[in-house]
Amino acid sequence: MLGNGVVGILAECSNKWERRVPLTPSHCARLLLGGKDRTGVSRIIVQPSTKRIHHDALYEDVGCEISEDLSECGLIVGIKQPKLEMILPDRAFAFFSHTHKAQKENMPLLDKVLAERASLYDYELIIGDHGKRLLAFGNYAGRAGLIDFLSGLGQRYLNLGYSTPFLSLGTSYMYPSLAAAKAAVISVGEEIATQGLPLGICPLVFVFTGSGNVSAGAQEIFKLLPHTFVDPSELPELFETAKDLSRSERRSKRAFQVYGCVVTCQDMVRHKDPTKVFDKADYYAHPEHYTPIFHEKVASYASVIVNCMYWEKRFPRLLSTEQLRDLMTKGCPLVGISDITCDIGGSIEFINRTTYIESPFFRYDVSNDSYHSDMEGNGLLCSAVDILPTEFAKEASRHFGNILSEFIGKLASTVDIAKLPDHLRRACIAHGGALTPLNEYIPRMRESDTEEMPVSVPANKKRHTKLVSLSGHLFDKFLINEALNIIEAAGSSFHLVKCQVGQNTDALSYSELEVGADDPAVLDQIIDSLNSLANQGESDKVDMNRTSLVVGKVDSSGVMNEDSAKKKTSVLILGAGRVCQPAVQLLVSGSCRGFDSDREEENEIQVIVGSLFLKEAEEIVEGSPNATAVQLDVKDHASLYEWVSQVEVVISLLPAMFHANVASVCIELKKHLVTASYVDENMSQLNDIAKEAGITILGEMGLDPGIDHMMAMKMIDEAHQRKGTIRSFASYCGGLPSPAAANNPLAYKFSWNPAGAIRAGRNPAIYKAKNEIKYIDGKQLYDSASKFRISELPAFALECIPNRNSLIYGDLYCISHEAATVFRGTLRYEGFSEIMGALARAGFFDSEAQSILTNGQRPTFRRFLLELLKIKYEDPYEAPLTEKGIAEQLVRLGHCEGNRTTALRTAKTIIFLGLHERAEIPPTCQTPFDVTCHLMEEKLAYASTEQDMVLLHHEVEVEYPETQLSETHKATLLEFGKIENGKMTTAMALTVGIPAAIGALLLLQDKIKMRGVLRPIHPEVYLPALEILQAYGFKIIEKIE
């Protein structure tokens, strides 16, 4: 059966909450549609499950088979260990087995694998070239753990007499997605920023231990709140400042942010010798030389401790029961502990039990050493859930499957493991019923009693013994194998005295071996050999009396200073208009790093804003950390070359005419480029040379085009994966004033020069409706507008205007051959088009110069209006101009097609714009179009506190031929402008600038593998981009009817 290309997916049975899957329906669809020759997978059989995050029907829809019987499968995959009876003979299995650590509780599984002549791959052992695990869930544990605790924190504070915004937050599993959970946290953050927190619980300090994946995930959620990070040394000053504030101000004073503090080992202990400073290698080799200080220096100021660091018994505890008792006696502000590591009886001594997703908290009262299941009364709120990643089963599965699907075909189609890539071959623990050479240490470990025993018991009765401690990545990088080989090759024996195995990708393992030999010289030789092995790492030490050997590189699980793990990457943004600031803020903010689901390192992003006008760029970067402004003329090739050479990604927010020039420099320097503009012919022609240069030019990464592509392709691809046929595609988008700002006759406003929008109203349109091509002449565009309503937003009275060439989108989305209707429209409030159409027919948008505007004497607006409407008065200055009179003249001239209501609305608009006023027309206005634009720019501008609005709506009709059923899929994005610190950021700027910044972020993170000129119509672009957009607070409403 091995290598037959048939993959089985197990139904998880380890825990009722385990809903994760190794491969989602989308992953299965790609593997099956690609064909066995390309993907290595011919069939996928899925065991039925009623609790799996993806229903069985979704797997069936993409071509999987549903069956309890996996006997036809050569490769069977899962997440957790299956029941022993599921281990079938002569098959390959892949899951988290934990067998390579030789732990007693997992040995029956390994024995079963060997007895059935099966092969076993362990996800923990799939290590990339960077030396880190490729398949892990640490980030998701951190994310879910902190969200859960914030939810409980709101309830705990309420019991203590404080109402806080945290009370509205649910636990992680209650949200349909990670993005939805993040949006809820963002809402809590907005309430903190505007309404504040009670002074009695402030400063609210969250202490995070460690800087690995788990801590990064927890900090990612924390950074969605208004926050400031402080160094541990700054905590006393922070609290003194808070005390001064509480003494001098009213008790009703509120605090509008929370504080974070990240601590590593150097903040937790100090050397017992006061003349010596902390040394990480020495601490790992000789923890007995250090004394704990965390309880004094950090915990005494913490409100919440978020424990993300792996701990071993040989190290001092993070917080003991006695230390806690002393702290609480002194009035410590500590309210709760979120032990995301779920290290029972470990670094936090009084965390003595596991909690559950459905019941994640207990209360510990140190005054009488009692535990309670409620939140009322004295004590700390504690949480220690051991299966946190499954709370975000959908995203965790997608992240896991994105990586697993890259090499599952090789596992499914390979018989000889020698032909596998190194990282997969090393992950094979057993093959064909025998342990692989790298895992031959396991029976040797099993033969030794793994329980702690007195050191005096000799190793196999050898005359001379030494106790050797090995610390490092002993099992996931197979260093234990090399150490045991050294011992046995010397003819010596060993006894395993202690073994503590790292429980996550960042944690080190620790073993103590009593090594025995009859000749002391042989023992010395072994020590020397082990020392040589250690010295392949970094500054490792051996103590000849009680030897401690640090094997492997000590990494970021609490030893490495966080700052040393950060890399600086740079982005150049060209153009300093309104769209620029949201892009800058996303890139430089800590929260943008938090949206990355997969990265193991946190990179600092330096942003350079280049503009022809330095002052504009300086205004953009003001107050933004890691952002600088430079004066840059993109027409100056040398200057452009210099700045592009200093960054990894360029974002061009310049007019489209400059993009080709910028792109040529990016190609020359092999730098990625992102724009929000349409990909025109000039940019398309750069596709091949961009591929040759190994770069991505990502265009149309704004709103329309941009988010519209992403939402559309997600709906279309999901329908196709379910074997659906697209029968109709309709897209509607509009930038509008918010209802409160729609306070003029047109119910419309401009955030910049209106000339472009007015000209767009004169463009012809073409679309397909029920297999008939419809063409609209530009002069009749406004007349073609139709009433439009969105059922989810019934308060909006809208109309839709056909938007240019819709047919090209049928080709772009690959639905032209199946969709009878392909339509794109522009949204306005109802009544807009009839007024604009009347103004157009009356000549207000004519672009030909008129003598009244070009002769030497400047006319007034009033005189211009009289001439345009052919109203004759001997004295134009005194001519009466009323709404009624203007309306009657419009009807008389046929500009309103006899509709008096339209005429009156148009007349109101003319008066509102000031065309009846006696002011002189500026000399720059040479045409009626110029005059109208001048007044619209002035009279239809947003006030400083008025909000604009962006509304994007898709409707896709899908037919399923196999079932003869049809569905209508709808997706709606509604965004409003935001005011922060008294400054308005428009919805249009947000929905254009943020996607452009996300494009740059995905390229920096190497999430986009495709090269050449792209649009965001590919899953590797639109899936993570949409997730980040929603996590950033953009709300996309999806519905199927």
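Which residue follows α30, and what is the sign of its phi? In this predicted model, the residue is Lys870, and its phi is positive, near 55 degrees. A look at the whole protein helps to place this spot before returning to the helix itself.

The protein contains 35 helices and 42 strands. Of its 1041 residues, 58% are buried. Among contacts with a separation of 6 or more, 72% link residues 24 or more positions apart. As for cysteines, the structure has zero disulfides. Two cysteines can be introduced here by their surroundings: Cys261 counts as buried because its relative accessibility is 0%, and Cys265, at 6% relative accessibility, counts as buried too.

Helix α30 spans residues 861-868, and six of its eight residues are buried, so the helix is largely enclosed by the rest of the structure. Those buried residues are Phe861, Arg862, Phe864, Leu865, Leu866 and Leu868. Their cover includes several helices, namely α28, α29 (851-854), α31, α32 and α33 (928-939). Three of these neighbours, α28, α31 and α32, can now be visited in turn.

Helix α28, made of residues 832-842, is itself mostly covered, with nine of its eleven residues buried. The buried set consists of Phe832, Ser833, Ile835, Met836, Gly837, Ala838, Leu839, Ala840 and Ala842. Just after this helix comes Gly843, which adopts a positive phi of about 100 degrees. A positive phi thus appears just after α28, at Gly843, and also at Lys870, which follows α30.

The other two neighbours form a helix pair. In general, two packed helices are described by the angle between their axes and by the distance between those axes. For α31 (residues 883-892) and α32 (residues 900-913), the axes come within 8 Å and cross at roughly 125 degrees. That angle makes α31 oblique to α32. The crossing of α31 past α32 is right-handed. On the α31 side, the contact is made by Glu883, Ile886, Ala887, Glu888, Leu890 and Val891. On the α32 side, it is made by Arg900, Ala903, Leu904, Thr906, Ala907, Lys908, Ile910 and Ile911. Sorted by character, the residues of this contact comprise nine nonpolar, one polar and four charged.

Taken together, these helices give a newcomer a region to explore: α30 with its buried residues, the covering helices, which include α28, α31 and α32, and the oblique pairing of α31 with α32.

Conventions: Residues numbered from 1 in each chain as written. Predicted model: local features only at pLDDT ≥ 70, side-chain atom pairs only at ≥ 80, totals over all residues. Heavy atoms only, no water. Buried < 20%, exposed > 50% of the residue type's maximum accessible area, 1.4 Å probe, protein only. Helix = DSSP H or I, 4+ residues; strand = E, 2+ residues; numbered from the N terminus. Axes fitted to C-alpha atoms, helices over the stretch in contact; angles between N-to-C directions. Parallel < 35°, antiparallel > 145°, perpendicular 65-115°, else oblique. Left-handed = near helix turned anticlockwise from the far one by under 90°. Contact = heavy atoms within 4.5 Å. Nonpolar A, V, L, I, M, F, W, Y, C, P; charged D, E, K, R; others polar. Disulfide = S-S within 2.5 Å.
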